[in-house]
Amino acid sequence: MTSETRITHMTRSPSQAEQWEQCPEQYRLRRIERVTPRPASWSYQGTAFHSAAEAHERSGRTMSREEVVDLFSDEYTALVNKALDKEPDLSRWMTAGKVDGGTDMANRYRLGQQQAGRYVEWAQEKGPRIWKAPDGTMGLELRLQAEIGGIPVQGIIDQLAQEPDGSVRVRDLKTGSTRSKFQLHTYTTLVRKVLGAEVNKADWWMGKTGGLSRALDVTQVTEQEVGKVYAALDEGVKAGNFPAKPGFNCRFCDVSHACNFF
C-alpha cells in the first residue's frame, strides 16, 4: 500500500489526533513513512499491565494477586526480549529520567508488578461492575468504530463500567501520569453512537495511586465538538501539511532519529 493510499483510507484515532497536535512531522514519520520507533520499556510495561488487568476481569476476578503479577511479569519479559532482538543496543532505548536503558527496563519490571498487584487489590475491594452487552460481550478492551463529524474514527476502550442508574462510565487504565481528556471525549462519543448507551462520566484508574481519578463530567461533550478535531486532522493530513514543532517534546519523540529538525 502506498503512502498516498494510506493517507486516503486511514481511520483516525485519539492517539493520531494528539500526535498531530503535538507535531505533524512526527505524525508523518510514524504514520505515513512508517519509521521504526526507538523502543521504550514504558510501552511494554503498559501493554503487559493491560493484559494482566484484562485477564483478571475476564476470570471473574478469580485470579489471585500472585497469578496476575506473574502474568504481567511473563508478558513484559516476552515483549522486552522481542524488542531486544531487534534493538540490542540499550543506549538507543528511550528512558524516563536520567537512567540507562537497562536500569529503566528493570525499574519498570518492578513497577509493573506493583501496579498489577494494586489493580487486583482495588478491583477486589471496590468491586466495580463491568458492562456487558446483551450478547455477553464484556466492556474490556472494546474496539469501537464510527463516523464522528463525517470522519471514520476508532478507539479501543480499556473498560466500560456499569453505573447504578443504568448509564455506563468510560474508564482508561494508566500506568504513567499522562492523561487525555480528548481521548475520553472520543470514547464517550463512540459509546453513545455505537452502543446507544448513556454516558455521563469518565475517569482514569491510576497505577501510581492504585485508585480512580476524580470523575470527569462528559454530559456536555458533543459529537460536533469532537468531530472538529478529527476534521482538522483529516484535512491537514490529506493536504500533506506536516510542519515540524521542535521543542521540549522532541526529547520524548521515538522517531527523532529520522527527523531533520531535531
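In this predicted model, serine 213 has a relative accessibility of 13% and therefore counts as buried, since the cut-off for that class is under 20%. Serine 213 is placed in the loop that runs between strands S5 and S6, the latter comprising residues 216-217. When neighbours within four places in sequence are set aside, the contacts of serine 213 are with Arg179, Asp203, Trp204 and Met206. One of these partners, Asp203, also belongs to a network of salt bridges in which Glu163, Arg169, Arg171 and Asp203 are linked.

Two further buried residues were examined in the helices. Histidine 56, located in helix H4 (residues 41-58), is buried because its relative accessibility is 0%. Apart from neighbours within four places in sequence, histidine 56 touches Arg61, Thr62, Met63 and Val68, and in addition Tyr119, Val120, Ala123 and Gln124. Phenylalanine 72, which is part of helix H5, likewise counts as buried, because its relative accessibility is 0%. With the neighbours within four places in sequence again left out, phenylalanine 72 is in contact with Gln45, Ala48, Phe49 and Ala52, as well as with Arg108, Tyr109, Gly112, Gln113 and Ala116. The C-alpha atom of phenylalanine 72 lies 8.7 Å from that of alanine 53, although 19 residues separate the two along the chain.

Several of the contact partners just named fall in helix H6, which covers residues 101-126. With 26 residues at 1.5 Å a residue, helix H6 should span 38 Å, and the distance of 36 Å between its end C-alpha atoms therefore agrees with this expectation. The buried residues of H6 are Gly101, Asp104, Met105, Arg108, Gly112, Gln115, Ala116, Gly117, Tyr119, Val120, Trp122 and Ala123. These buried residues pack against two helices, H4 and H5 (65-86), and against the strands S2 (151-162), S3 (168-174), S4 (199-206) and S5 (211-212). The contacts of individual residues fit into this picture, in that histidine 56 of helix H4 touches Tyr119, Val120 and Ala123, while phenylalanine 72 of helix H5 touches Arg108, Gly112 and Ala116.

Charged pairs were considered next. Side chains of opposite charge can pair when their charged atoms come close. Across the whole structure, 16 salt bridges were found. In one of them, arginine 30 is joined to aspartate 254, with 2.8 Å between the closest N and O atoms. This pair connects distant parts of the chain, since arginine 30 sits in helix H3 (residues 24-32) and aspartate 254 in the segment after helix H8 (223-238), 224 residues away. The two partners fall into separate accessibility classes, for arginine 30 is partly exposed with a relative accessible area of 29%, whereas aspartate 254, at 15% relative accessibility, is buried.

A second salt bridge joins the side chains of arginine 58 and glutamate 54, with an N to O distance of 2.8 Å. Both residues belong to helix H4 and are four residues apart, which is about one turn of the helix. Arginine 58 is partly exposed, its relative accessible area being 44%, and glutamate 54 is also partly exposed, at 23% relative accessibility. In a third salt bridge, the side chains of lysine 193 and glutamate 223 meet at 3.1 Å, N to O. Here again distant parts of the chain are linked, as lysine 193 is in helix H7 (residues 181-195) and glutamate 223 is in helix H8, 30 residues apart. Lysine 193 is partly exposed, with a relative accessible area of 40%, and glutamate 223 is partly exposed at 31% relative accessibility.

Finally, the empty spaces of the model were examined. The structure holds one cavity of 30 Å³ or more, and about 140 Å³ of space lies within the largest cavity. This cavity is lined by 15 residues, of which Cys23, Gln26, Lys245, Cys250 and Cys253 are the closest to its centre. Helix H3 makes the greatest contribution to the lining of the largest cavity, giving three residues. By residue class, the lining of the largest cavity consists of nine nonpolar, four polar and two charged residues.

The second largest pocket has a volume of about 160 Å³. Its lining is formed by Arg38, Met94, Thr95, Ala96, Gly97, Lys98, Arg251 and Phe252, and these residues divide into three nonpolar, two polar and three charged.

Technical notes:
Residues numbered from 1 in each chain as written. Predicted model: local features only at pLDDT ≥ 70, side-chain atom pairs only at ≥ 80, totals over all residues. Heavy atoms only, no water. 1 Å grid on protein atoms, 1.4 Å probe; cavity = no way out; pocket = protein on both sides within 12 Å on 5 of 7 lines; lining within 4 Å. Points joined across faces, edges and corners; volume = space filled by probe spheres on them. Nonpolar A, V, L, I, M, F, W, Y, C, P; charged D, E, K, R; others polar. Buried < 20%, exposed > 50% of the residue type's maximum accessible area, 1.4 Å probe, protein only. Contact = heavy atoms within 4.5 Å. Salt bridge = Lys/Arg side-chain N within 4 Å of Asp/Glu carboxyl O. Expected span 1.5 Å × (residues − 1).
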